[in-house]
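Please look over the structure shown here. A short report on some of its strands, a loop residue and its salt bridges follows.

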Amino acid sequence: MLKRLLILLLFALTACAPRALLEDVTLQPDAISPFPGSPNIATTIRYTLSRPATVSIYLMDGRGTRHDFRKDQPRAAGAYDALFGGAVNDRVLPDGTYTVVVEAQDTAGHHAKVERMLTITQADSTPPEFL
């Protein structure tokens, strides 16, 4: 009897637990070549919020430098897509492997962070010379 009561209590507690703030974070595809005519010119960053939150999306390079793609954007609960074509602040990031970080914080202060890997190849990150 005690065992059944504990199982019932555990089920009730897990059923009442809040959903994760940030869910279903994906990159499609997880490798891009941001040049004209490339079949993988951009990636779609998808995520779902279970409740309203402020969202930031950024990339970390191999040296630990943060490249902000979206910063502190208020979002309602729901599913979102962000198209990333390899550029941050109007500059194409150089070839390499990056950690894409999606962070969310709700009004109660709950924080969630999910990381995914993205590879950039054949990027033309050299700025043009003006004579």
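## Strands, a loop residue and salt bridges

T48 has A79 as its bridge partner in strand 6. Strand 3, residues 43-49, runs antiparallel to strand 6, and seven bridges join the two. Strands here are DSSP runs of E with at least two residues, numbered from the N terminus, and two strands pair if DSSP finds at least two bridges between them.

This is a predicted model, in which local features need pLDDT of at least 70 and side-chain atom pairs count only at pLDDT 80 or more, while totals for chains, interfaces and linings use all residues. Residues are numbered from 1 along each chain as its sequence is written, and side-chain values use heavy atoms, with hydrogens and water left out.

The pairing of strands 3 and 6 belongs to an open sheet of three strands in the order 1-3-6, with antiparallel pairing. Strand 1 (22-28) and strand 6 (78-84) are at the edges and have a single partner strand each, so one side of each lacks a neighbour in the sheet. On average, neighbouring strands of this sheet are turned by 15° against each other, direction ignored; the axes behind this angle are lines fitted to C-alpha atoms.

Where is D61 placed? D61 sits in the loop between strand 4 (53-60) and strand 5 (66-75). With a relative accessibility of 14%, D61 counts as buried (buried is under 20% relative accessible area, exposed over 50%, partly exposed in between, with a 1.4 Å probe and protein chains only). A polar atom of the D61 side chain lies 2.9 Å from the backbone nitrogen of T65. Leaving aside residues up to four places away in sequence, D61 touches H67 and Y98, where contact means heavy atoms within 4.5 Å.

The count of salt bridges comes to six, a salt bridge being a side-chain nitrogen of Lys or Arg within 4 Å of a carboxyl oxygen of Asp or Glu. Among them are these:

| Salt bridge | Closest N to O distance |
|---|---|
| R19 and E23 | 2.4 Å |
| R66 and D68 | 2.7 Å |
| K113 and E115 | 3.7 Å |

R66 is partly exposed at 36%, and D68 is partly exposed at 28%. K113 has a relative accessible area of 45% and is partly exposed; E115, at 44%, is also partly exposed.

As for confidence, the protein chain has a mean pLDDT of 88, with 82% of its residues at 70 or more; pLDDT is the predictor's confidence in each residue, from 0 to 100. Over residues 8-15 pLDDT stays under 50, and the model has zero contacts for them beyond four places in sequence.

How values were computed. Helices (H or I, at least four residues) and strands (E, at least two) are DSSP runs, numbered from the N terminus. Axes are lines fitted to C-alpha atoms, for helices over the stretch in contact, and angles run from 0 to 180 degrees between N-to-C directions. A polar contact is a pair of N or O atoms within 3.5 Å; within protein, one must be able to donate a hydrogen and the other to accept it, and residues adjacent in sequence count only if both atoms are side-chain atoms.
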